[in-house]
Amino acid sequence: CLRFNSLHAPFDKAAVRRAVMSACSQDDFMLAYAGAEPSIIKNPCGLFSSGSPLATNAGTEVVGKLAGKYDQVKKDLAAAGYNGEKVVVLGPTSIPVLHAYSQVGVDLLRKIGMNVDYVAVEWGTVVQRRASKEPIDKGGWNIFFTNLGGNGNVSPAAASAIRSGQAAWFGWPNMPKMEALRDQWLDAPDLAAQKSIGAEMQKVLFEEAPYVPLGYYA
């Protein structure tokens, strides 16, 4: 998971978040960690854990659709309103998988023209700093990398990364449509209805881009 801070520029704009998502190859990120044992990679990855009842590949093609096309992504970022603002990326060094994501991610962000301040620190410092809602000049952040545990993304009831508002998980996206769908899912009468609502939730994930799903491994 590449998690955006949706409170502050430049990632307060969904179009900027989507532009970054379009550049992210899930295979590149997963190979950085699991390339020595590629059989554990289960891409593509959407909102729900691969193999779980709500999992679907619908819409996942938007993740990495412009991978390697750096000039086009730069144009999309400019059109979305990115003006060269500094982007503070918290990169955990003490957890190998997260360190791998961070290195790939920072390199990619620089290739698409973002002004990256890479803060490479141990995980405890990331946990402390990601709780800050302050702007970056007061100790805040713009992006951090983490894993979303498979069990936590089996159902919307436990999927913390799609909650909305100031009380949401770190990043605090404003996604009232996602909250409404979550409420509908909790009231759904059967699995068929749950799957239908889950597919709509995945659409909202790719529209709002509160985070980029970087792939799945098991």
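The questions and answers below concern a predicted model of a protein chain.

User: How many helices and strands does the secondary structure of the protein come to, and in what order do the elements run from the N terminus on?
Analyst: The model is a predicted one, and its secondary structure comes to seven helices and five strands. Read from the N terminus on, these elements follow the order β-α-α-α-β-α-β-α-β-α-α-β.

User: What is the radius of gyration of the protein, and what does the globule rule give for 218 residues?
Analyst: Taken along the principal axes, the C-alpha atoms fill a box of roughly 50 × 40 × 35 Å. With seven helices and five strands in the protein, the radius of gyration is close to the value that the globule rule gives for 218 residues, so the protein is as compact as a globular protein of that length. The radius of gyration is 16 Å, and the globule rule gives 17 Å.

User: What share of the contacts with a separation of 6 or more is accounted for by residues 24 or more positions apart?
Analyst: Contact here requires heavy atoms within 4.5 Å. Among the contacts in the protein with a separation of 6 or more, the share that falls to residues 24 or more positions apart is 74%.

User: What percentage of the residues is buried, and what percentage of the exposed area do carbon and sulfur atoms supply?
Analyst: A residue counts as buried when its relative accessible area is under 20%, and buried residues make up 48% of the 218 residues in the protein. The protein exposes about 9,500 Å², and the part of this area supplied by carbon and sulfur atoms is 50%.

User: How many residues does the largest nonpolar core have, and which have the most contacts inside it?
Analyst: In soluble globular proteins, nonpolar side chains tend to be buried together. The largest nonpolar core of this model has 63 residues. Those with the most contacts inside this core are Leu2, Val20, Leu77, Ile112, Met114 and Ile143.

User: Which residues is Leu2 in contact with, leaving aside its neighbours within four places in sequence?
Analyst: Leu2 is one of the residues with the most contacts inside the largest nonpolar core, and Val20 and Ile143 are also among them. Leaving aside neighbours within four places in sequence, the contacts of Leu2 are Val20, Cys24, Ile143, Phe144, Phe145, Tyr211, Val212 and Leu214.

User: Where are the cis peptide bonds that lead into Pro10 and Pro44?
Analyst: Pro10 is found in the loop between β1 (2-4) and α1 (14-23), and the bond that joins this proline to Ala9 has an omega of about 5°. Pro44 is found in the loop between α2 (26-34) and α3 (70-80), where omega for the bond from Asn43 is near 0°. The cis bonds are thus Ala9 to Pro10 and Asn43 to Pro44.

User: Are Trp172 and Ala209, with their positive phi values, buried or exposed?
Analyst: Trp172, in the loop between β4 (143-145) and α6 (176-186), has a phi near 50°, and Ala209, in the loop between α7 (191-208) and β5 (211-212), has a phi of about 50° although it is not a glycine. Buried means under 20% relative accessible area. Trp172 has a relative accessibility of 6% and therefore counts as buried, and Ala209, at 0%, likewise counts as buried.

User: How far apart are the closest N and O atoms in the salt bridge that Lys111 forms with Asp107?
Analyst: Side chains of opposite charge can pair when their charged atoms come close. Lys111 and Asp107 are separated by about one helical turn because they are four residues apart in helix α4 (residues 96-111). Lys111 is partly exposed at 37%, as is Asp107 at 39%, and the closest N and O atoms of this salt bridge are 3.1 Å apart.

User: Which residue forms a salt bridge with Glu179?
Analyst: The closest N and O atoms of this salt bridge are 2.8 Å apart. The pair links distant parts of the chain, with Glu179 in helix α6 and its partner 16 residues away in the loop between β4 and α6. Glu179 counts as buried at 18% relative accessibility, whereas the partner is partly exposed with a relative accessible area of 30%. That partner is Arg163.

User: What is the N to O distance in the salt bridge where the side chains of Glu200 and Lys203 meet?
Analyst: Both residues lie in helix α7, three residues apart, which is about one turn of the helix. Glu200 is partly exposed with a relative accessible area of 32%, and Lys203 counts as partly exposed at 48%. The N to O distance between their side chains is 3.2 Å.

Conventions. Residues are numbered from 1 along each chain as its sequence is written. This is a predicted model: local features need pLDDT of at least 70, side-chain atom pairs count only at pLDDT 80 or more; totals for chains, interfaces and linings use all residues. Side-chain values use heavy atoms; hydrogens and water are left out. A nonpolar core is a set of buried Ala, Val, Leu, Ile, Met, Phe, Trp, Tyr and Cys residues joined through side-chain atoms within 4.5 Å. Buried means under 20% relative accessible area, exposed over 50%, partly exposed in between (1.4 Å probe, protein chains only). Helices (H or I, at least four residues) and strands (E, at least two) are DSSP runs, numbered from the N terminus. A salt bridge is a side-chain nitrogen of Lys or Arg within 4 Å of a carboxyl oxygen of Asp or Glu. The radius of gyration is taken over C-alpha atoms; the globule rule is 2.2 Å times the number of residues to the power 0.38. Accessible areas come from the Shrake-Rupley method with a 1.4 Å probe; for residues, only the protein chains shown count as cover.
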